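Visitor: I have the sequence and the structure open side by side, and I would like to know what stands behind the labels people put on them. Could you walk me through a few?

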Amino acid sequence: MSRLHQNYRFLLYPLYPWLQHPKLLQVDSERSTLLSPRNLQESNPNSFTDPIDMLQCIFLLSDSGEVMLEKQLTGHRVDRSICAWFWEQSISQPDSFKGLPVIASPTHYLFHIVREGITFLACTQVEMPPLMGIEFLCRVADVLSDYLGGLNEDVIKDNFVIVYELLDEMIDNGFPLTTEPNILRDMISPPNIVSKMLSVVTGNTSNVSDTLPGATSSCVPWRTTQLKHSNNDVYVNLIEEIDTIINSDGVLVKCEIFGLVEVNSHLSGIPDLTLSFANPSIMNDVQFHPCVRFRPWESEQILSFVPPDGLFKLMSYRVKKLRNCPIYVKPQLSSDSGTCRVNVMVGIRNDPGKAIDSVVVQFQLPPCVTSANLTANHGTVNILADKTCSWSIGRIPKDKAPQMSGTLVLEEGLEQLQVRPTFQVGFKIMGVALSGLKIGKLDLKNLPTPAHKGFRAQTEAGFYEVRS
Amino acid sequence: MAPPAQSQRSPSPSQPSGKGEVSDLKMQLRQLAGSRAPGTDDSKRDLFKKVISYMTVGIDVSSVFSEMVMCSATSDIVLKKMCYLYVGNYAKYNPDLALLTINFLQRDCKDEDPMIRGLALRSLCSLRVPNLVEYLVGPLGAGLKDGNSYVRMVASVGVLKLYHISPSTCLDADFPALLKHLMLNDPDAQVVANCLSALQEIWGLEASSSEEAVREREALISKPIIYFLLNRIKEFSEWAQCTILELVSKYAPPDSNEIFDIMNLLEDRLQHANGAVVLATIKLFLQLTLSMTDVHQQVYERIKAPLLTLVSSGSPEQSYAVLSHLHLLVMRAPMLFASDYKHLYCQYNEPFYVKKLKLEMLTAVANESNTYEIVTELCEYAANVDIPIARESIRAVGKIALQQYDVNAIVDRLLQFLEMEKDYVTAETLVLVKDLLRKYPQWSHDCIAVIGNISSNNVQEPKAKAALIWMLGEYAQDMQDAPYALEGLIDDWEDEISPEVRLHLLTAVMKCFFRRPPETQKALGAALAAGLADMHQDVHDRALFYYRLLQHNVSVANSVVNPIKQAVSVFADTQSSEIKDRIFDEFNSLSVLYQKPSYMFTDKEHQGPEDLGNLSIGAEPADDILPAQRVEANDKDLLLSTTEKEESRAHVNNDSAYNAPAFDNSLSQLSVPQTQGDLVSLGPTYTQQPSSTIDDIFGLGLPVTASAPSPAPPLLKLKTKPVLDPTAFQQKWRQLPVSVSQEGSITPQGVAAMTTPQALLRHMQAHDIHCIASGGKSPNFKFFFFAQKADDPSNFLVECIINSSTCTAQLKIKADDQTATQAFVTLFQSALSNFGMA
């Protein structure tokens, strides 16, 4: 364990010349060196006025293109006819460029994301960091979905006042302020059944709490100071997604895991948590929630943090170059005089030690296939309206290898099937993090009463592709 | 607001279309306004909600403004919020009514609840009614000093809003100084951040007119302030961190120690969960190390992992934005990413635009050690159901092949593609083989073996067909049936839609003729006859040109058609490295996503004179009132669009060459551009030869008109008092293609005479060429001229950019009547060169 005492910072990147022991910047007293702004005119004649006043308007569109909500952000009013233009554009675009998240209209640059059929559209006229626009819209979508318990046309129309209130606090004059759900919840309480009932009974409802968030001025902006829970508990979930490509020769081309450490915390006061892993070195790259202190991570690879209340993503990580994937899918296609014989076998390649559930194998029937007749010895085969063939296997049985077989009838005049479908595999394994990452221990400090701790792990298929 | 609702649905009960509902609401609101009965707030809330929902769907509810204000006396915060929202929406267009709201907003600004104080202040500043600004100063001043940080946060943004409505009011109240004080002293990070952004914008905009503002703006990027902000960076919200990082990127540390200190401090920002923060940090790292090559390279190493994590962690939209930036870096330094190629493999479900970016990157990172795997992967995509991706993949294989020397491996792949027997795969493969042969003629044997079996009947796409025909011509001696294949294609001349293919066919038959004359003779005759009768100008001209070339001298013809070729060493890159550098400078901006530097899409000037309005309109512009940025814009135009200009020039050369009167034997120097001159000057010789022999050989009966001289171009006369209004000019300028774009020169005397633009305008006017707009300052001037033909109302439009220090003039000429363009150019040039001579 001696390596834990080494500085992770140097261990990881010993070569980088800028890495020193963490320290603050010192302004030296010589006045002569104080002013050295880069000459902007010289280096970048096109530099814009500084990036504020960026997003000018946000629209929420329904799945039919109807404007459900419009929030003007600056003095420059954006006419909502831009939505009609956008909708027209998104319909008329050829498939290949459909959904390009950043496009330019004749008057504005438009960012958009689509969540559950709702389009979040933001307009700007200035050059700005694109990720800021997109990232912000994603946060808006997350917060709304969190507040309204899901996203759809009705729920937004029913709660548009809350949506306006939220947007008001999340962005002012085109510049994002806070998107931290905990702070927002302090300012605007979510519409819940309890408050609705209360409003019926007492006739006194304000969905705004009377107090201002204490956190805005505290040094842990993601947490309110006076939190009280009758049952103190904290759960840590490891959620992993496995991305795999197996090429047509059956070679495992790529296998990578993207993981997430989710924490659901209901703790009173200002608790201080430390979470350590048994094998942190397997992680290739990590990203942290703002609450994580970097120094303990760098020196000892432990996560030290004051958690926000409720569910949040503590950390995400990537583990690359895995050697094994849990299940195999072996498709065989052979065509002869206008029909194509299909045979797909599925089985466990590397037993993860827990049951593999919800196994689904899907593939798109090529356009030249006129009809398909496929059956399986286990599970059910469905051919959906969009010509997706979906084979739901469920849990892989111990005694036999699931197999799907049958024939595809090709278009008139076509002898061979020339395109090769890609099989996409879905599954879920509860209780295992396939990367092998293991949680060491979780310490809770600064708690008035002892709390319950819980740990869980699961792995799902992300992009799990098998080419034929 | 109130454009009609865009809804495509039939109006549902909650979406009234008529005015009845609105006036109904008005009544109900009025009844409630004075009521103090219990439960009033609830009914109000329902009504308010209705009003807002009408507003949201786009129905004009501004008529209930006064009722809404009357109902606003309430302690219910939700009601207040709805009311603020309503007022903010309509005040700008109802300034008179907005006055009504001032009172209650001002009162709320003194409420004991800080939330209400803040909200009221925000609404007050969002009214944006210019003649109400005086009411803002008091509450804003109080807000900046408020004990609660929420109010101060709102107030600091409010100052900026005030500045946008009325800069003088904001500056007179000395708010910037207050903001600066807050920025340096406030304990709340969000207040600091808001003050910073407000100051940045205010000083940035004031800088053009005030020395003090320039100093203040520079002070923001001074070391003490930068260090002050950097040391606290973790206290700021993620969005404010982006602002600060952006600001820091404008600061140039004097030495490498300082650079390393800053990078050391920001190292952990690369692990932030917010992609915007990570990218802003990456931008800073890249910029800081630009002058240190080694470290710059290490920065690439360092940022790889976070970029790849962002690509896989975010939503598809985020991935795309990050991937675009990764693309930029990969294209800049492909070898640094060579080992990460697997991250660039396409996933089945990814949208086309993501896959396209990945394919381009895969192509770029291919090197000796990974090519085999990359090409194997690309070949899998070629069999993909997704046709555009299949095509792109084959192109990518082609590009990789062009970098490689392993002929056998590539030929194997080509065979694999052709075996798939898919039209589009075959088509792309043909184009690929053509490019390969142009670069590696020594591979002809292997390549020809591959494509020898393709029947031209199976190839439909013009590009592929042209490629096949080119190969048939170029390698006629290696391909057994080349003459016959060409003959078959000529037989179908009438059915061939693409002029490009017909042009290639002509050339290929010519080439083939010189290699295998007896077999091709008949085909060549048929091709020339078909070409001469062709309706397409270019095809016709080429056929005629070949015909006369053969007439003139067969061996000359051979050397023209089959010159000794040099293999293409490098294919022209589509983007100049200068442009790529510009995009890199603008890392973390939209430029990266559009793959264009920002001036290309934010600067309208670049797209033509669409904003003539900014130039002074009329014949007598006063140059001293022209805004300074015009010069800047002109400079950019002069400086940056060289590639584009060359392109359009080349294009124009073609056009004018083919558009020149076809059978004109007395082609004057005037109507033929220099490049084509020496070829065409063969003319006089061949007309003296009897043409019958060659006609006999190819069995051609040329129409008589072919050699009949057409009249010389008439002298161009211009109207002395033409009329064209600026809007018509703009419209025409947009619609017409550039017919000539060239460089002219003005004499040093002319430059001397051009003390003011007016001198030139008067001079040109003497030549019946009139100015419609002009602008610029020494040494760059820009003019838009126009002239009209004396006999018919056809216009000539000219954009003329004069650089008086280099004595050059760049001309872009557009004309209604293309045929008269050359005459006009001569006229214009001579007028211009006369300037100052008198």
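Visitor: What stands opposite Val381(A) in S20(A)?
Guide: That is Trp391(A), a residue of S20(A). Bear in mind that this is a predicted model. Trp391(A) has a bridge partner in another strand as well, namely Val361(A).

Visitor: How do you know that S19(A) and S20(A) pair?
Guide: Two strands pair if there are at least two bridges between them. S19(A) and S20(A) have four bridges, in the antiparallel sense, so they meet that definition. Strand S17 of chain A, residues 356-364, is joined to S20(A) by six bridges, again antiparallel. Strands in a sheet pair through backbone hydrogen bonds, either parallel or antiparallel.

Visitor: What makes S20 of chain A mostly covered?
Guide: Five of the seven residues in this strand, which spans 388-394, are buried. To be called buried, a residue needs a relative accessible area under 20%.

Visitor: Which residue takes a positive phi in the hairpin of S19(A) and S20(A)?
Guide: Lys387(A) does, with a phi near 65°. The hairpin has four residues between its strands.

Visitor: Why are S11 and S19 of chain A called edge strands?
Guide: Each of them pairs on one side only, so the name fits. They belong to an open sheet of nine strands in chain A, in the order S11-S14-S9-S8-S24-S22-S17-S20-S19, with mixed pairing. From one strand to the next, the twist averages 15°. S11 covers 285-288 and S19 covers 380-383.

Visitor: What joins S11(A) to strand S14 of chain A?
Guide: Four bridges do, and the two strands run antiparallel. Within S14(A), Ser316(A) is the bridge partner of Gln287(A).

Visitor: Which helix lies across S9, S11 and S14 of chain A?
Guide: Helix H17 of chain B, residues 293-313, running at about 70° to S11(A).

Visitor: What does Glu380(B) touch, not counting residues up to four places away in sequence?
Guide: Glu380(B) touches Asn247(A), Ser248(A), Asp249(A) and Arg467(A). The glutamate lies in helix H20 of chain B, residues 371-382.

Visitor: Why does Glu380(B) count as buried?
Guide: Its relative accessibility is 12%. The limit is 20%, and a value under that counts as buried, so Glu380(B) qualifies.

Visitor: Why is the pair of Trp470(B) and Tyr475(B) called edge-to-face?
Guide: There are two steps. Ring centres must lie within 6.5 Å for a pair, and planes over 60 degrees apart count as edge-to-face. Here the centres are 6.2 Å apart and the planes are at 75°, so both conditions hold. Trp470(B), at 14% relative accessible area, is buried, and so is Tyr475(B), at 10%.

Visitor: What makes the rings of Phe513(B) and Phe514(B) an edge-to-face pair?
Guide: Their centres are 5.3 Å apart and their planes are at 65°, so the pair is edge-to-face. Phe513(B) counts as buried at 12% relative accessibility, as does Phe514(B) at 16%. Over all chains, the structure holds 21 aromatic pairs.

Visitor: Which residues form one aromatic cluster with Phe783(B)?
Guide: They are Phe785(B), Phe796(B), Phe824(B) and Phe828(B).

Visitor: How do you know that the charged end of Lys304(B) sits over the ring of Phe337(B)?
Guide: The lysine NZ has to be within 6 Å of the ring centre and within 35 degrees of the ring normal. For Lys304(B) the distance is 5.9 Å, and its charged end sits over the ring of Phe337(B). Lys814(B) lies over the face of Trp733(B), at 4.2 Å from the ring centre.

Visitor: How many of the residues in chain B are buried?
Guide: Buried residues make up 58% of its 838 residues. The secondary structure of chain B comes to 42 helices and six strands.

Visitor: What is the mean pLDDT of chain B?
Guide: The mean is 76, and 81% of the residues of chain B reach 70 or more. Over residues 1-16 of chain B the pLDDT is below 50, though this stretch has 33 contacts in the model beyond near neighbours in sequence. Residues 703-713 of chain B are also below 50, with 10 such contacts. The model scores ipTM 0.83 and pTM 0.73.

Methods. Residues numbered from 1 in each chain as written. Chains lettered and ligands numbered in written order. Predicted model: local features only at pLDDT ≥ 70, side-chain atom pairs only at ≥ 80, totals over all residues. Heavy atoms only, no water. Axes fitted to C-alpha atoms, helices over the stretch in contact; angles between N-to-C directions. Contact = heavy atoms within 4.5 Å. Phe/Tyr/Trp six-rings, centres within 6.5 Å; stacked < 30°, edge-to-face > 60°. Buried < 20%, exposed > 50% of the residue type's maximum accessible area, 1.4 Å probe, protein only. pLDDT = per-residue confidence, 0-100.
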